[in-house]
Amino acid sequence: MERLFLNTLPFTFPSEPVTFYFSDEDKHLPDLHLTRLKSSQLYPLNIRSIFPKLKNGEPIYTSFDKPNDELLPLPIDFNIPQNYFLVKQYYNILIHKYFRTNHPNLYIYTDYITHDKQIWVELPDDKADYPNSTKCERYNLKIDFDHFNQRPQIVLSYERTTHISLYSIAQLIAEQQSDDPFAQTDSTDIYSFISKVLYLDKDSHYQFIERLEYLKHRPFYRSECAYPVLSHKLLNYFNQEPVTHRETNPLLNYFNKINNFYKRFLDNKDFRSFIPIADNGFAWATDTQIGKTEYNSKTLLFANNTSEQNPSKGLNAGPYQPIKAPKVNIFCIFHKDQIEQARKLLSSLRGGYKAYKLYTTTDNTSKTDVLKRFTGRDTTWVKAHIEFEDMNNPSPEIATKLNQMFDNGELKLDETYIALYVSPIDKHTHNATARHAYYKIKEELLSRNIALQVVNADNITFSGTTTIKTGFEYTLQNIALAICAKLGGIPWKFNVQKTNELVVGIGAFRNQEKGATYIGSAFAFDNTGVFDSFQYFMQDEIKELVGSIRDAIIRYSSANGTPDKLVIHYYKQMNQREFLELERMLNSLQIPNKLPVYVVTINKTESEDFVLFDAGNTNALLPYSGRYINLGNGNYLLCNNTRYYSQTFPNGTRPDSFPFPVKLKITCPTSKEPIDAQTIRDLIEQVYRFSRIYFKSVKQQHLPVTIKYPELVSEILPYFEEQATVSDIQHNLWFL
């Protein structure tokens, strides 16, 4: 039986007003700390009854509910929406005080904007993944308002673990310095690599987590009391590879973490004395909150309009639309020591792979020509392959040999090619040099209009001397699937009727290496999931971003007529400046009837936000795929996974992944009227469908490709030396 619940702890506001105490100037009162309220958003509704001349933005000060003769009393009704942000700050201060008093060994980090509290729980020494460090689990306590059920709540969430150096900044600087002041030493400023620190001053009783950029300017700051948190930048500085722990069921692990934290620190009389959270723990979803996508949303169309929910099975029928070229020409790029892996890979894709039945025809005969089946075209090998010697920097050798192959006619400009790169190093490695080498090879090939498919050499593994291990057949499926999409084929599409609707997805990738900036790109699709084109731009290039949407509308309109609806899938909350630029652009197009525009903000929810669980699924807590929850105020939580109703999982007992739900916020910037229920359902269905056309893997994804594809492009393109490389291939999925 399905029983859905959230990671929220509901409580109630006081029924009667609570008296707070205020001053219009900062006063130093004995044993009483005043909090500065510098934003008019924090003013209580009736503040001008005691400060009639107060102007917006002028600071006021409060002790909250602590009385003092020099402060003016004012009753605060917690249930009035205009008082919400002040009340939220009040509860955050009480939470801080509770943990400082009752659990002094925990570390507290306060968000500067929201004032939400993050509690760091130190783990035993043997749990640390790095030398000379201690490992901490992080828990977020967010005061929130449940707009659907009209009640306050605490959102309790778990963030990934982190490490704190056992050496202070002063000790690390001392290690850098030589005894000889004239010695040639590393002049790198370690401060530039540190984001947060644990400030631990036992003499002054300071113990908290803080951002170093703020902390270092405070009068009491001493570097010998500041212990750096090991960020990715700092790990690189210490030549440490980031450690990733993969869990069998991260959703179940997440629940166990927050449930243990709740029972250990919150489920007691002391905490309920100031925040009366419900005795029965986490909040159950009400029947009126729960929705589900239509059964047809899971169905995909393949060759000859064959319908199937499972892409791995559906591709047995062939791709919905074969690649555009009449045949596929294949050649291999590999290191000289990995020729056997290259040989086995090629023969496996071209029919020499006899060990497994990847799919079966109606007459029950085994078929093994994976590429022909999945691309819909014949495949041929190019006689000359590329073998390189320099494992660390292979691109110069590869570029030279490519030029030779074109010069001697082994490669022709009017033919379609796919290069299989047997990579000696994982392209997702944290080693920057190795990763740059992969990007350079990709650019070399794209500049010659050749698609590249990378296969990690370690994945082409053997048992004995010649037989590939069980499991590699699924890698072959993914390789063939990606090749089909890269060469212009359509492996599958949605089983929906085509409508006059344009969908544009805008995503970003946070590039730590290049100054932690964001790079963005926009993708255009029709409502059946067929890709049209993409554009690429920097994060702060708002006019270019809006211009890319304009280009997508013009391209779509020239082929199909003006769309009846524009849907924008956005990776973050669209700000006012972006809204205004979008509105100006739409007005400039002079569309006869005003074009309805819907913006769906799509966020991952692994931390600091909402997570949905199914208590009826006792072994996994994974809700059914397609379930969604109305959180109120235009926010929804959508589950994308492979737990289908009335259907067994791929291995017969459990799903093949346990993704977290996706948080959606749906708005219509072109209208002040509420969005009708049917449109809301259609937009949620659409996000769900777009999570099912990820042509890099046959596995279900929890993020839609409208966000996932832009991330992939934005991860790669900043490393291309010539941005013009992709100017002529913005209509191909070369980045898969």
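A trainee and a mentor talk through a few labels used for this predicted model.

Mentor: Ground rules: this is a predicted model, where local features need pLDDT of at least 70, side-chain atom pairs count only at pLDDT 80 or more, and totals for chains, interfaces and linings use all residues. Numbering runs from 1 along each chain as its sequence is written, and side-chain values use heavy atoms, with hydrogens and water left out.

Trainee: Why is F64 called buried?

Mentor: Buried means under 20% relative accessible area, exposed over 50%, partly exposed in between (1.4 Å probe, protein chains only). F64 comes in at 4%, so it counts as buried. F64 sits in strand β5 (residues 60-64).

Trainee: What makes the phi of F64 worth a look?

Mentor: That phi is positive, about 60°, though F64 is not a glycine. N633, also not a glycine, has a positive phi near 60°; look for N633 in the loop between β33 (627-632) and β34 (635-638).

Trainee: And why is Y112 called partly exposed?

Mentor: Its relative accessible area is 37%, so Y112 falls between the two cut-offs. Y112 is in the loop between β7 (107-110) and β8 (117-122).

Trainee: Which residues touch the most other members of the largest nonpolar core?

Mentor: F331, I506, I549, Y709 and F735, out of 121 residues. Such a core is a set of buried Ala, Val, Leu, Ile, Met, Phe, Trp, Tyr and Cys residues joined through side-chain atoms within 4.5 Å. Another core, of 59 residues, lies apart from it, with F11, I108, F282 and A620 among them.

How values were computed. Helix = DSSP H or I, 4+ residues; strand = E, 2+ residues; numbered from the N terminus.
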